[in-house]
Amino acid sequence: FLVTHRMGTGKRNEVATLIGYPYQPGAEASATVDGKAYPMVTDSEQDAGWLASTADEPSLVDAMKRGSEMVVRGISTRG
């Protein structure tokens, strides 16, 4: 799970996950911190997912700092 700050662009808290297996094409995924879910979109070719709404990035990063458990879920090509 990555939180990126892009120096020079002013972009902070860009959230992404590299899951380690190919997602099912068009599959939905989510990151949940202490019961609050953040929907994600996926890219099966990159084995990656990003928040569906960039507006949720600051909230998720804050929840990750304060929370005690984070679970990332997605559907692999195997189902």
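**Reading the strands and surface of a predicted model**

Modeller: In this predicted model, β1 and strand β2, which covers residues 11–18, run antiparallel to one another and are joined over four bridges.

Colleague: What makes β1 and β2 count as a pair of strands?

Modeller: Pairing requires at least two bridges between the strands, and β1 and β2 have four bridges, so they count as paired. One residue to look at is L2, whose bridge partner in β2 is A16. The two strands form a hairpin with four residues between them, and in the turn G8 has a positive phi of about 85°.

Colleague: Why is N13, which is found in strand β2, called buried?

Modeller: The relative accessible area of N13 is 17%, and buried means under 20%, so N13 is called buried.

Colleague: Why is F1, in the segment before β1, called partly exposed?

Modeller: F1 has a relative accessibility of 35%, whereas buried means under 20% and exposed means over 50%; because the value for F1 lies in between, F1 counts as partly exposed. Together with V3 and M70, F1 makes a nonpolar surface patch of about 220 Å².

Colleague: How do you know that the charged end of K36 sits over the ring of Y38?

Modeller: The charged end of K36 is 5.0 Å from the centre of that ring in Y38, and the rule asks for a distance within 6 Å as well as a position within 35 degrees of the ring normal. The distance satisfies the first condition, and K36 is reported as sitting over the ring of Y38.

Terms used
Residues are numbered from 1 along each chain as its sequence is written. This is a predicted model: local features need pLDDT of at least 70, side-chain atom pairs count only at pLDDT 80 or more; totals for chains, interfaces and linings use all residues. Side-chain values use heavy atoms; hydrogens and water are left out. Patches are made of residues with over 30% relative accessible area and no salt bridge: like charges are joined within 9 Å, nonpolar side chains (Val, Leu, Ile, Met, Phe, Trp, Tyr) within 5 Å. Accessible areas come from the Shrake-Rupley method with a 1.4 Å probe; for residues, only the protein chains shown count as cover. A salt bridge is a side-chain nitrogen of Lys or Arg within 4 Å of a carboxyl oxygen of Asp or Glu. Buried means under 20% relative accessible area, exposed over 50%, partly exposed in between (1.4 Å probe, protein chains only).
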